[in-house]
Amino acid sequence: MMPLQGVKVVELATLFAGPLAAAFLGDFGADVIKVEHPAKPDPSRGHGPAKEGVGLWWKVLGRNKRTVTANLSDREGAELLRRLIADADVLVENFRPGTLERWGIGPAELHAINPRLVIARISGFGQVGPYARRPGFGTLAEAMSGFAAATGEPDGPPTLPPFGLADSVTALATAYAVMLALRGRELTGAGQVVDLAIIEPIMAMLGPQITWYDQLGYVQPRLGNRSNNNAPRNAYRCADGRWVAVSTSAQSIAERVLRLVGRPELIDEPWFATGSGRAAHADVLDAAVGAWVAKRDRDEVVAAFEEAQAAVAPVYDVRDILADPQYAALDTAVTVPDEDLGELRMQNVPFRMSATPGQIRHAGRGHGQDTEAVLTELGLTVDEIAALRERGAI
(Lines give C-alpha, C1' and ligand atoms only; values in the text may rest on other atoms or scores of the structure.)
Protein backbone atom coordinates (compact mmCIF):
# COMPACT_ATOMS: atom_id res chain seq x y z
CA MET A 1 0.00 0.00 0.00
CA MET A 2 1.40 3.38 -1.01
CA PRO A 3 0.38 6.41 1.08
CA LEU A 4 -1.14 8.38 -1.84
CA GLN A 5 -2.87 5.43 -3.48
CA GLY A 6 -6.37 6.56 -4.49
CA VAL A 7 -5.33 10.24 -4.81
CA LYS A 8 -5.99 11.57 -8.32
CA VAL A 9 -3.73 14.39 -9.51
CA VAL A 10 -4.29 16.32 -12.74
CA GLU A 11 -1.15 18.11 -13.91
CA LEU A 12 -1.36 21.01 -16.36
CA ALA A 13 2.22 22.15 -15.79
CA THR A 14 5.24 22.34 -18.11
CA LEU A 15 9.00 22.43 -17.69
CA PHE A 16 10.19 21.91 -14.17
CA ALA A 17 8.60 23.06 -10.88
CA GLY A 18 5.04 21.83 -11.50
CA PRO A 19 5.95 18.58 -13.25
CA LEU A 20 8.51 17.71 -10.57
CA ALA A 21 5.99 18.42 -7.80
CA ALA A 22 3.50 16.10 -9.47
CA ALA A 23 6.24 13.48 -9.90
CA PHE A 24 6.92 13.58 -6.15
CA LEU A 25 3.23 12.85 -5.55
CA GLY A 26 3.26 10.07 -8.13
CA ASP A 27 6.30 8.51 -6.46
CA PHE A 28 4.10 7.68 -3.48
CA GLY A 29 1.17 6.23 -5.36
CA ALA A 30 -0.91 9.16 -6.65
CA ASP A 31 -2.54 8.61 -10.06
CA VAL A 32 -0.97 11.55 -11.92
CA ILE A 33 -2.61 12.44 -15.23
CA LYS A 34 -0.46 14.89 -17.18
CA VAL A 35 -2.36 17.00 -19.70
CA GLU A 36 -0.36 18.46 -22.60
CA HIS A 37 -1.35 20.47 -25.65
CA PRO A 38 -1.89 18.19 -28.69
CA ALA A 39 0.58 20.10 -30.86
CA LYS A 40 2.83 21.67 -28.20
CA PRO A 41 4.05 19.07 -25.72
CA ASP A 42 5.87 19.94 -22.51
CA PRO A 43 9.16 21.57 -23.65
CA SER A 44 11.05 19.47 -21.11
CA ARG A 45 10.68 16.56 -23.56
CA GLY A 46 13.32 18.29 -25.66
CA HIS A 47 15.56 19.73 -22.95
CA GLY A 48 19.07 18.42 -22.44
CA PRO A 49 20.76 15.34 -23.89
CA ALA A 50 18.72 12.76 -25.80
CA LYS A 51 19.30 9.15 -26.76
CA GLU A 52 17.90 7.89 -30.06
CA GLY A 53 15.77 11.03 -30.20
CA VAL A 54 14.30 10.39 -26.75
CA GLY A 55 14.74 13.26 -24.26
CA LEU A 56 16.22 11.90 -21.05
CA TRP A 57 15.23 14.78 -18.75
CA TRP A 58 11.60 14.07 -19.59
CA LYS A 59 12.08 10.43 -18.60
CA VAL A 60 12.79 11.64 -15.06
CA LEU A 61 10.18 14.44 -14.88
CA GLY A 62 7.49 12.27 -16.48
CA ARG A 63 7.95 9.23 -14.24
CA ASN A 64 4.90 7.57 -12.71
CA LYS A 65 2.47 9.62 -14.84
CA ARG A 66 -0.16 8.90 -17.45
CA THR A 67 -0.09 11.29 -20.40
CA VAL A 68 -3.12 12.85 -22.06
CA THR A 69 -3.51 15.56 -24.70
CA ALA A 70 -6.15 18.29 -24.62
CA ASN A 71 -6.31 21.81 -26.01
CA LEU A 72 -7.54 23.68 -22.95
CA SER A 73 -8.12 26.91 -24.87
CA ASP A 74 -10.63 24.99 -27.01
CA ARG A 75 -14.19 24.72 -25.70
CA GLU A 76 -14.25 20.94 -25.99
CA GLY A 77 -10.78 20.59 -24.51
CA ALA A 78 -11.79 22.72 -21.53
CA GLU A 79 -14.86 20.54 -21.07
CA LEU A 80 -12.63 17.48 -20.90
CA LEU A 81 -10.70 19.14 -18.06
CA ARG A 82 -13.94 19.79 -16.20
CA ARG A 83 -14.78 16.11 -16.49
CA LEU A 84 -11.28 15.12 -15.40
CA ILE A 85 -11.37 17.19 -12.21
CA ALA A 86 -14.90 16.14 -11.22
CA ASP A 87 -13.46 13.36 -9.05
CA ALA A 88 -9.87 14.61 -8.78
CA ASP A 89 -8.14 15.49 -5.54
CA VAL A 90 -5.39 17.80 -6.81
CA LEU A 91 -4.79 20.07 -9.79
CA VAL A 92 -1.23 21.35 -10.43
CA GLU A 93 -0.91 24.17 -12.96
CA ASN A 94 1.70 26.76 -13.89
CA PHE A 95 0.09 28.91 -16.56
CA ARG A 96 0.63 32.64 -16.36
CA PRO A 97 -1.87 34.08 -13.86
CA GLY A 98 -5.24 34.79 -15.47
CA THR A 99 -4.88 32.20 -18.24
CA LEU A 100 -7.20 29.56 -16.77
CA GLU A 101 -9.74 32.24 -15.87
CA ARG A 102 -9.69 33.48 -19.46
CA TRP A 103 -10.50 29.96 -20.64
CA GLY A 104 -13.37 29.64 -18.16
CA ILE A 105 -11.63 26.99 -16.05
CA GLY A 106 -10.27 29.07 -13.19
CA PRO A 107 -10.53 28.04 -9.53
CA ALA A 108 -14.05 29.43 -9.09
CA GLU A 109 -15.39 27.37 -11.98
CA LEU A 110 -13.46 24.24 -10.97
CA HIS A 111 -14.52 24.47 -7.32
CA ALA A 112 -18.13 24.81 -8.45
CA ILE A 113 -17.70 21.37 -10.03
CA ASN A 114 -15.55 19.85 -7.26
CA PRO A 115 -15.45 21.79 -3.96
CA ARG A 116 -12.93 19.32 -2.53
CA LEU A 117 -10.30 20.03 -5.20
CA VAL A 118 -6.88 21.26 -4.08
CA ILE A 119 -5.53 23.64 -6.73
CA ALA A 120 -1.77 24.29 -6.66
CA ARG A 121 -0.94 27.31 -8.80
CA ILE A 122 2.77 27.81 -9.57
CA SER A 123 4.01 30.97 -11.23
CA GLY A 124 7.16 33.05 -11.27
CA PHE A 125 5.85 35.85 -9.07
CA GLY A 126 2.58 34.63 -7.55
CA GLN A 127 -1.05 35.29 -8.40
CA VAL A 128 -1.10 38.90 -7.12
CA GLY A 129 1.15 41.94 -7.22
CA PRO A 130 2.66 44.17 -9.90
CA TYR A 131 4.79 41.37 -11.40
CA ALA A 132 2.10 38.67 -11.40
CA ARG A 133 1.54 38.70 -15.17
CA ARG A 134 5.24 38.62 -16.03
CA PRO A 135 6.72 35.41 -17.47
CA GLY A 136 8.79 33.84 -14.73
CA PHE A 137 11.39 31.09 -14.64
CA GLY A 138 13.67 29.59 -12.02
CA THR A 139 16.65 31.60 -13.25
CA LEU A 140 14.82 34.83 -12.45
CA ALA A 141 14.02 33.51 -8.97
CA GLU A 142 17.65 32.59 -8.38
CA ALA A 143 18.53 36.17 -9.31
CA MET A 144 15.79 37.94 -7.32
CA SER A 145 15.88 35.78 -4.19
CA GLY A 146 19.37 36.81 -3.13
CA PHE A 147 20.89 33.48 -4.11
CA ALA A 148 22.97 34.74 -7.06
CA ALA A 149 24.11 37.84 -5.17
CA ALA A 150 25.56 35.67 -2.39
CA THR A 151 27.06 33.01 -4.68
CA GLY A 152 30.43 33.21 -6.38
CA GLU A 153 33.89 34.55 -5.63
CA PRO A 154 34.15 37.85 -3.71
CA ASP A 155 35.59 39.70 -6.71
CA GLY A 156 33.54 37.82 -9.30
CA PRO A 157 30.05 38.22 -10.75
CA PRO A 158 26.83 36.95 -9.15
CA THR A 159 26.60 33.26 -9.99
CA LEU A 160 23.61 31.25 -11.20
CA PRO A 161 23.42 27.47 -10.78
CA PRO A 162 23.73 25.32 -13.94
CA PHE A 163 20.53 23.44 -13.11
CA GLY A 164 16.96 24.20 -12.02
CA LEU A 165 17.60 24.95 -8.35
CA ALA A 166 14.70 27.33 -7.71
CA ASP A 167 12.31 25.11 -9.66
CA SER A 168 13.36 22.06 -7.68
CA VAL A 169 12.98 23.81 -4.32
CA THR A 170 9.56 25.04 -5.45
CA ALA A 171 8.60 21.50 -6.43
CA LEU A 172 9.36 20.22 -2.94
CA ALA A 173 7.47 23.16 -1.41
CA THR A 174 4.50 22.48 -3.70
CA ALA A 175 4.33 18.79 -2.80
CA TYR A 176 4.48 19.74 0.89
CA ALA A 177 1.79 22.40 0.45
CA VAL A 178 -0.47 19.95 -1.39
CA MET A 179 -0.16 17.46 1.46
CA LEU A 180 -1.05 20.21 3.96
CA ALA A 181 -4.06 21.17 1.85
CA LEU A 182 -5.20 17.54 1.69
CA ARG A 183 -4.90 17.35 5.47
CA GLY A 184 -6.83 20.61 5.73
CA ARG A 185 -9.54 19.07 3.57
CA GLU A 186 -9.86 16.23 6.06
CA LEU A 187 -10.59 18.83 8.73
CA THR A 188 -12.87 21.18 6.76
CA GLY A 189 -14.24 19.03 3.93
CA ALA A 190 -13.24 21.68 1.38
CA GLY A 191 -10.36 22.14 -1.03
CA GLN A 192 -8.44 25.35 -1.43
CA VAL A 193 -6.05 27.24 -3.71
CA VAL A 194 -2.32 27.07 -3.02
CA ASP A 195 -0.36 30.03 -4.47
CA LEU A 196 3.31 29.17 -5.14
CA ALA A 197 5.61 31.96 -6.35
CA ILE A 198 8.94 30.50 -7.51
CA ILE A 199 10.77 33.52 -6.07
CA GLU A 200 9.79 32.55 -2.50
CA PRO A 201 10.72 28.93 -1.61
CA ILE A 202 14.37 29.37 -2.57
CA MET A 203 14.48 32.51 -0.44
CA ALA A 204 13.29 30.46 2.53
CA MET A 205 16.34 28.20 2.04
CA LEU A 206 18.86 31.07 2.15
CA GLY A 207 18.87 31.54 5.91
CA PRO A 208 17.93 34.63 7.92
CA GLN A 209 19.04 37.20 5.37
CA ILE A 210 15.97 39.39 5.87
CA THR A 211 16.28 39.28 9.68
CA TRP A 212 20.00 40.05 9.51
CA TYR A 213 19.32 43.09 7.35
CA ASP A 214 16.32 44.19 9.41
CA GLN A 215 18.19 44.08 12.70
CA LEU A 216 21.79 44.81 11.69
CA GLY A 217 21.75 46.25 8.18
CA TYR A 218 23.88 43.26 7.21
CA VAL A 219 23.91 42.12 3.57
CA GLN A 220 25.25 38.62 2.83
CA PRO A 221 28.41 39.04 0.71
CA ARG A 222 29.88 36.67 -1.86
CA LEU A 223 32.47 34.50 -0.15
CA GLY A 224 33.28 31.83 -2.71
CA ASN A 225 33.54 28.52 -0.84
CA ARG A 226 34.21 30.20 2.48
CA SER A 227 31.83 31.04 5.29
CA ASN A 228 31.53 33.99 7.66
CA ASN A 229 30.55 31.58 10.42
CA ASN A 230 33.51 29.21 10.59
CA ALA A 231 36.86 28.21 9.09
CA PRO A 232 38.53 26.26 7.67
CA ARG A 233 35.63 25.75 5.30
CA ASN A 234 36.54 25.40 1.66
CA ALA A 235 37.24 23.11 -1.27
CA TYR A 236 40.88 22.02 -1.49
CA ARG A 237 42.75 20.55 -4.45
CA CYS A 238 44.54 17.24 -3.90
CA ALA A 239 47.80 16.04 -5.45
CA ASP A 240 45.92 13.92 -8.01
CA GLY A 241 43.90 16.92 -9.22
CA ARG A 242 40.72 15.90 -7.45
CA TRP A 243 39.05 17.95 -4.75
CA VAL A 244 37.75 17.58 -1.20
CA ALA A 245 35.42 19.77 0.82
CA VAL A 246 36.12 20.44 4.50
CA SER A 247 33.67 21.82 7.07
CA THR A 248 34.44 22.80 10.67
CA SER A 249 31.13 24.04 12.02
CA ALA A 250 31.95 22.48 15.40
CA GLN A 251 34.90 23.72 17.45
CA SER A 252 36.08 20.17 18.18
CA ILE A 253 36.20 19.38 14.46
CA ALA A 254 38.25 22.50 13.74
CA GLU A 255 40.78 21.44 16.37
CA ARG A 256 41.03 17.92 14.94
CA VAL A 257 41.65 19.29 11.45
CA LEU A 258 44.49 21.55 12.59
CA ARG A 259 46.12 18.73 14.54
CA LEU A 260 45.82 16.46 11.52
CA VAL A 261 47.50 18.92 9.16
CA GLY A 262 50.36 19.53 11.62
CA ARG A 263 49.44 23.03 12.78
CA PRO A 264 48.30 22.49 16.41
CA GLU A 265 49.84 25.80 17.51
CA LEU A 266 47.03 27.65 15.75
CA ILE A 267 44.52 26.14 18.16
CA ASP A 268 46.08 28.21 20.96
CA GLU A 269 45.48 31.50 19.16
CA PRO A 270 42.77 33.57 20.95
CA TRP A 271 40.82 33.99 17.72
CA PHE A 272 40.58 30.24 17.17
CA ALA A 273 38.06 29.81 20.00
CA THR A 274 35.04 31.00 17.95
CA GLY A 275 33.73 30.29 14.47
CA SER A 276 33.65 33.96 13.57
CA GLY A 277 37.19 34.41 14.86
CA ARG A 278 38.41 31.54 12.71
CA ALA A 279 36.51 32.92 9.72
CA ALA A 280 38.32 36.23 10.14
CA HIS A 281 41.61 34.33 9.82
CA ALA A 282 40.53 32.09 6.94
CA ASP A 283 43.63 32.94 4.91
CA VAL A 284 45.89 31.44 7.57
CA LEU A 285 43.72 28.36 8.05
CA ASP A 286 43.19 27.74 4.34
CA ALA A 287 46.94 27.95 3.76
CA ALA A 288 47.56 25.37 6.48
CA VAL A 289 44.91 22.91 5.29
CA GLY A 290 45.48 23.54 1.59
CA ALA A 291 49.22 22.90 1.80
CA TRP A 292 48.70 19.57 3.59
CA VAL A 293 45.96 18.42 1.20
CA ALA A 294 47.96 19.41 -1.89
CA LYS A 295 50.67 16.85 -1.06
CA ARG A 296 48.27 13.88 -0.94
CA ASP A 297 45.88 12.06 -3.27
CA ARG A 298 42.18 12.40 -2.59
CA ASP A 299 41.64 8.92 -1.18
CA GLU A 300 44.55 9.39 1.23
CA VAL A 301 43.14 12.71 2.40
CA VAL A 302 39.66 11.26 2.97
CA ALA A 303 41.06 8.26 4.85
CA ALA A 304 43.18 10.45 7.12
CA PHE A 305 40.28 12.79 7.90
CA GLU A 306 38.01 9.86 8.68
CA GLU A 307 40.58 8.32 11.03
CA ALA A 308 40.90 11.68 12.79
CA GLN A 309 37.08 11.98 12.94
CA ALA A 310 37.22 15.27 11.06
CA ALA A 311 34.54 16.26 8.55
CA VAL A 312 35.50 15.83 4.90
CA ALA A 313 33.81 14.82 1.67
CA PRO A 314 35.19 14.20 -1.81
CA VAL A 315 33.82 16.52 -4.47
CA TYR A 316 31.87 14.14 -6.71
CA ASP A 317 30.58 14.20 -10.21
CA VAL A 318 27.93 11.72 -11.36
CA ARG A 319 30.52 9.03 -12.11
CA ASP A 320 31.67 9.09 -8.51
CA ILE A 321 28.09 9.03 -7.23
CA LEU A 322 27.27 5.86 -9.13
CA ALA A 323 30.42 4.14 -7.85
CA ASP A 324 30.05 5.15 -4.20
CA PRO A 325 29.12 2.40 -1.68
CA GLN A 326 27.09 4.75 0.54
CA TYR A 327 24.79 5.71 -2.31
CA ALA A 328 24.56 2.03 -3.24
CA ALA A 329 23.52 1.17 0.32
CA LEU A 330 20.80 3.83 0.18
CA ASP A 331 19.55 2.72 -3.27
CA THR A 332 19.91 6.33 -4.35
CA ALA A 333 20.07 5.36 -8.05
CA VAL A 334 17.52 2.85 -9.31
CA THR A 335 16.97 1.06 -12.60
CA VAL A 336 13.57 1.90 -14.08
CA PRO A 337 11.75 0.09 -16.91
CA ASP A 338 11.08 2.16 -19.99
CA GLU A 339 9.18 1.43 -23.18
CA ASP A 340 11.53 3.43 -25.39
CA LEU A 341 14.96 2.58 -24.01
CA GLY A 342 14.34 -0.75 -22.28
CA GLU A 343 15.52 0.49 -18.91
CA LEU A 344 17.45 3.41 -17.50
CA ARG A 345 18.86 4.64 -14.21
CA MET A 346 17.71 7.72 -12.33
CA GLN A 347 17.58 9.18 -8.83
CA ASN A 348 15.30 7.24 -6.50
CA VAL A 349 12.65 8.91 -4.34
CA PRO A 350 14.53 11.27 -1.99
CA PHE A 351 13.76 9.53 1.32
CA ARG A 352 12.87 6.13 2.72
CA MET A 353 9.70 5.19 4.64
CA SER A 354 9.67 1.97 6.65
CA ALA A 355 5.96 1.12 6.17
CA THR A 356 4.76 2.93 3.04
CA PRO A 357 7.77 3.51 0.77
CA GLY A 358 7.63 5.29 -2.55
CA GLN A 359 8.61 3.74 -5.86
CA ILE A 360 9.45 4.80 -9.40
CA ARG A 361 7.30 2.40 -11.38
CA HIS A 362 8.09 3.61 -14.91
CA ALA A 363 9.85 6.46 -16.69
CA GLY A 364 8.11 9.24 -18.61
CA ARG A 365 5.70 8.03 -21.29
CA GLY A 366 5.03 9.22 -24.81
CA HIS A 367 3.14 12.41 -25.67
CA GLY A 368 -0.57 11.65 -25.21
CA GLN A 369 0.08 7.93 -24.85
CA ASP A 370 -2.76 7.38 -22.38
CA THR A 371 -5.35 9.71 -23.92
CA GLU A 372 -7.73 6.99 -25.11
CA ALA A 373 -7.51 5.04 -21.85
CA VAL A 374 -8.16 8.07 -19.63
CA LEU A 375 -11.01 9.43 -21.77
CA THR A 376 -12.59 5.97 -21.86
CA GLU A 377 -12.54 6.03 -18.06
CA LEU A 378 -14.50 9.30 -18.29
CA GLY A 379 -17.16 7.51 -20.32
CA LEU A 380 -16.29 8.67 -23.84
CA THR A 381 -16.77 6.22 -26.70
CA VAL A 382 -14.24 5.35 -29.36
CA ASP A 383 -16.17 7.43 -31.90
CA GLU A 384 -16.34 10.44 -29.57
CA ILE A 385 -12.60 10.29 -28.94
CA ALA A 386 -11.91 10.05 -32.67
CA ALA A 387 -14.14 13.07 -33.32
CA LEU A 388 -12.35 15.14 -30.67
CA ARG A 389 -9.02 14.23 -32.20
CA GLU A 390 -10.28 15.16 -35.66
CA ARG A 391 -11.34 18.62 -34.38
CA GLY A 392 -8.02 19.21 -32.62
CA ALA A 393 -9.49 19.22 -29.12
CA ILE A 394 -7.15 16.36 -28.10
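Helices here are DSSP runs of at least four residues and strands are runs of at least two, both numbered from the N terminus. With that in hand, let us walk through this predicted model, starting at a loop. Proline 232 sits in the loop that connects helix H9 (209–216) to strand E9. The peptide bond between alanine 231 and proline 232 is cis, with omega at about -5°.

Following the chain into E9 brings us to a sheet. Here 3 strands make an open, antiparallel sheet, in the order E9-E10-E11. Strand E9 (234–237) and strand E11 (312–314) are its edges, each pairing on one side only. From one strand to the next, the twist averages 30°. Helix H12 (residues 282–294) packs on this sheet and touches E9 and E10, its direction making about 35° with that of E9. Looking at the pairing in more detail, strand E10 (residues 243–246) joins E11 in the antiparallel sense over 3 bridges. Within that pair, valine 246 is found opposite valine 312 of E11.

Stepping back from E11 along the chain, we meet a backbone feature worth a look. Glutamine 309 belongs to the loop between helix H13 (298–307) and E11. Its phi is near 55°, a positive value in a residue other than glycine. Is glutamine 309 buried or exposed? Its relative accessible area is 57%, and because the cut-off for exposed is over 50%, glutamine 309 counts as exposed.

Now for the other sheet. This one is open as well, with 6 strands in the order E5-E2-E1-E6-E7-E8 and parallel pairing. Strand E5 (65–69) and strand E8 (193–197) stand at the edges; each has a single partner strand, so one side of each has no neighbour in the sheet. The twist averages 20° from one strand to the next. Helix H3 (residues 75–85) packs on the sheet, where it touches E1, strand E2 (31–36) and E6, and its direction makes about 160° with that of E1. Helix H7 also belongs to this picture: it lies across E6, E7 and E8, running at about 160° to E7. Between strand E6 (residues 90–93) and strand E7 (residues 118–123), the parallel pairing extends over 4 bridges. Glutamate 93 of this pair stands opposite arginine 121 in E7.

From E1 we can follow the chain towards helix H1. Leucine 15 lies in the loop between strand E1 (8–11) and H1. Like glutamine 309, which has a phi near 55°, leucine 15 has a positive phi, near 60°. What sets the surroundings of leucine 15 apart is burial: its relative accessible area is 17%, and because buried means under 20%, leucine 15 falls in that class. How much of H1 itself is buried? The count is 11 of the 11 residues, so H1 is largely enclosed by the rest of the structure. Among these buried residues are Leu20, Phe24, Leu25 and Asp27. Just after H1, glycine 29 takes a positive phi of about 105°.

H1 also leads us to the largest pocket, which holds about 1,400 Å³ of space. Its lining is made by 35 residues, and those nearest its centre are Trp57, Val60, Met346, Gln347 and Asn348. Which elements give two or more residues to this lining? They are helix H1 (17–27), helix H2 (56–61), helix H7 (165–188), helix H14 (318–323), helix H15 (325–330) and strand E13 (342–347). By class, the lining has 22 nonpolar, 5 polar and 8 charged residues.

The second largest pocket has a volume of about 970 Å³. Of the 30 residues that line it, Phe147, Ala150, Thr151, Leu206 and Arg233 lie nearest its centre. Its lining has 17 nonpolar, 11 polar and 2 charged residues.

Our last stop is aspartate 370, in the loop between E13 and helix H16 (371–377). Aspartate 370 counts as buried, at 8% relative accessibility. Leaving out residues up to four places away in sequence, aspartate 370 touches Lys65, Arg66, Thr67, Val68 and Arg365.

Definitions and conventions:
Residues are numbered from 1 along each chain as its sequence is written. This is a predicted model: local features need pLDDT of at least 70, side-chain atom pairs count only at pLDDT 80 or more; totals for chains, interfaces and linings use all residues. Side-chain values use heavy atoms; hydrogens and water are left out. Two strands pair if DSSP finds at least two bridges between them. Axes are lines fitted to C-alpha atoms, for helices over the stretch in contact, and angles run from 0 to 180 degrees between N-to-C directions. Contact means heavy atoms within 4.5 Å. On a 1 Å grid over the protein atoms alone, a cavity is a set of points where a 1.4 Å probe fits but cannot get out, and a pocket is an open set with protein on both sides within 12 Å along at least five of seven lines; lining residues have an atom within 4 Å of a point. Grid points are joined across faces, edges and corners, and a volume is the space filled by probe spheres set on the points. Ala, Val, Leu, Ile, Met, Phe, Trp, Tyr, Cys and Pro count as nonpolar, Asp, Glu, Lys and Arg as charged, and the others, Gly among them, as polar. Buried means under 20% relative accessible area, exposed over 50%, partly exposed in between (1.4 Å probe, protein chains only).
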